[in-house]
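Q: I have a model open on my screen and I'd like to learn how to read it. Can you walk me through it, feature by feature?

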Amino acid sequence: MENDDICMDVFSRLPIETLLGLKCVCKRWHGIVSDRSFGQDLSQRPEPLAGFFFQERYQWAGEDIRTISFIPARMEDTQLKQTIFSFLPEDVVVLGSCNGLVCCRSVFPSPFPSIIVCNPSNKQWIRLQKTRPDKESSYGLAFNPSQRDRDTTNFKVVRVSQAQTDMDYDGDDDDDDDDSYFSFEIYSSQAGAWKKSKEVCQCNDKLFKNKGVFAGGKLHWLTDEDRVLSFEVENELSWLISSPFPTTHFTVIPEMCIGESGGRLHYVMISEDGLHVWALEDYYDSNWSLVHTATLEALEEENSQLLINTRERVSQRASIDSMPWIDPLAFKDGLLLMRVSTKMMLYCIDTKKMKELCKVSQLGRNCIFGPLVIPYSMSLAPLT
């Protein structure tokens, strides 16, 4: 109807959070916002960062922590939410997010573990068939709304596993060569099945922090050896990208994370020299450009109500086992989430301003031991 066309035109200009509220006004508006084609059309536009999923992990125990907190990325009042995934049939661990979709797995222990891809905005989900996830593998979710199918929302899940390279037939083992490698399995929602990629990447590094960041058609995993593992999803090609600055340069152990902004991979480092943010320009030459920098003194001057004696406190970290004073956790669209002592802070690289989002204690007793932190943007992309 003509009136519906007018409503859809108006609604298409509104934020998704507003649209979700409009669904409750009347049946007609509920039908428009819930319309499959409307959701697919809306998924084409870029959405701002809504916030971060935060999930604790036990430092030593093998079991998962079930609580998932959502930290809204707002510079005004922030209220934590812990029921975002209550629509799912089971408790989950968040593995990754991409353009509004979220990839999860069953919490362990579980009698029948599985992987679920869901959309928290419209509360739709699907369970991937013939999948038995494990805690050792890492996962990445790739969803590009511009590669559009009118009838379905197509995405891919990539599982990365590390194994030992077989020893040479003569029993010799060259210490200079990588004796481990990464292999890749890909689930295609279009095919509804997993396949084993022929691609392997020789590498001894371990993956940690910001696993499965999607940027420029590629998934990225930060390693513990100043490198980034990259996997091009469509062509199934992998390579290792050197970090923009070696950590051996510093007296105090720096902290880093990776993220996406403007469609490009970014590398964030906090050290005794301050905050530095680089954007990747060339994958094959590991060419990075410095897009933002601020000394610790400048950060403190701009945010004097939140930071004090920053250099002294950052410099007190003597070993990798000691807790850093400032820990960058996730970066998305120019916004950096970081733990500063006992507070969660949001830093905007454009304004150089910092905002306290919540206390660390609000996120649980185990929130400083390598938590899972996943940026999230809302979408109405349909899954069912």
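Q: Let's start with the whole chain. What percentage of the 384 residues of the protein chain count as buried?
A: Keep in mind that this is a predicted model. To call a residue buried, you ask whether its relative accessible area is under 20%. Here, 50% of the 384 residues of the protein chain pass that test.

Q: How many helices and strands does the protein chain have?
A: You'll find 6 helices and 23 strands. The radius of gyration is 21 Å, close to the 21 Å from the globule rule for 384 residues, so the chain is as compact as a globular protein of that length. Along the principal axes, the C-alpha atoms fill a box of roughly 70 × 60 × 40 Å.

Q: What about the surface: how much of the accessible surface belongs to carbon and sulfur atoms?
A: The accessible surface of the protein chain comes to about 18,800 Å², and 48% of that belongs to carbon and sulfur atoms. Contacts are worth a look too: among those between residues at least 6 apart in sequence, 52% join residues at least 24 apart.

Q: On to sheets. What is the strand order in the open sheet of 3 strands?
A: The general idea is that strands of a sheet pair through backbone hydrogen bonds, either parallel or antiparallel. In this open sheet the order is 2-1-23, and the pairing is antiparallel. Strand 2 (68–72) and strand 23 (372–377) are the edge strands, each pairing on one side only. From one strand to the next, the twist averages 25 degrees.

Q: How many bridges hold the pairing of strand 1 and strand 2?
A: Strand 1 (residues 49–55) pairs with strand 2 over 5 bridges, in the antiparallel sense. To find one of them, look at Gly 51, whose bridge partner in strand 2 is Pro 72.

Q: Now backbone oddities. Which two residues does a cis peptide bond join?
A: Here's the background: most peptide bonds are trans, and most residues other than glycine have a negative phi. The cis bond is between Phe 108 and Pro 109, with omega about 0 degrees. Pro 109 sits in the loop between strand 4 (101–106) and strand 5 (115–119).

Q: And phi: is Glu 236 positive or negative?
A: Positive: phi of Glu 236 is near 55 degrees. You'll see Glu 236 in the loop between strand 13 (227–232) and strand 14 (237–242), and Glu 236 counts as buried because its relative accessibility is 17%. Asn 309 also has a positive phi, near 50 degrees. Asn 309 lies in the loop between helix 5 (296–302) and helix 6 (310–315), and at 40% relative accessibility Asn 309 counts as partly exposed.

Q: Back to strand 13 for a moment. Is Ser 230 buried or exposed?
A: Ser 230, which lies in strand 13, counts as buried, with 0% relative accessibility. Leaving aside neighbours within four places in sequence, the residues in contact with Ser 230 include Lys 218, His 220, Trp 239 and Tyr 283.

Q: Last topic: how many aromatic pairs are there?
A: The count comes to 13. Take Phe 184 and Phe 231, a stacked pair at 4.3 Å centre to centre with 15 degrees between the planes; planes under 30 degrees apart count as stacked. Phe 184 is in strand 9 (residues 180–188) and Phe 231 in strand 13, so the pair ties together parts 47 residues apart in sequence. Both Phe 184 and Phe 231 are buried. Elsewhere, ring pairs link Phe 53, Phe 70, Phe 85 and Tyr 376 into a cluster.

Note on methods
Residues numbered from 1 in each chain as written. Predicted model: local features only at pLDDT ≥ 70, side-chain atom pairs only at ≥ 80, totals over all residues. Heavy atoms only, no water. Helix = DSSP H or I, 4+ residues; strand = E, 2+ residues; numbered from the N terminus. Buried < 20%, exposed > 50% of the residue type's maximum accessible area, 1.4 Å probe, protein only. Pairing = 2+ DSSP bridges. Axes fitted to C-alpha atoms, helices over the stretch in contact; angles between N-to-C directions. Rg over C-alpha atoms; globule rule 2.2 N^0.38 Å. Contact = heavy atoms within 4.5 Å. Areas by Shrake-Rupley, 256 points an atom, 1.4 Å probe, with all protein chains shown as cover. Phe/Tyr/Trp six-rings, centres within 6.5 Å; stacked < 30°, edge-to-face > 60°.
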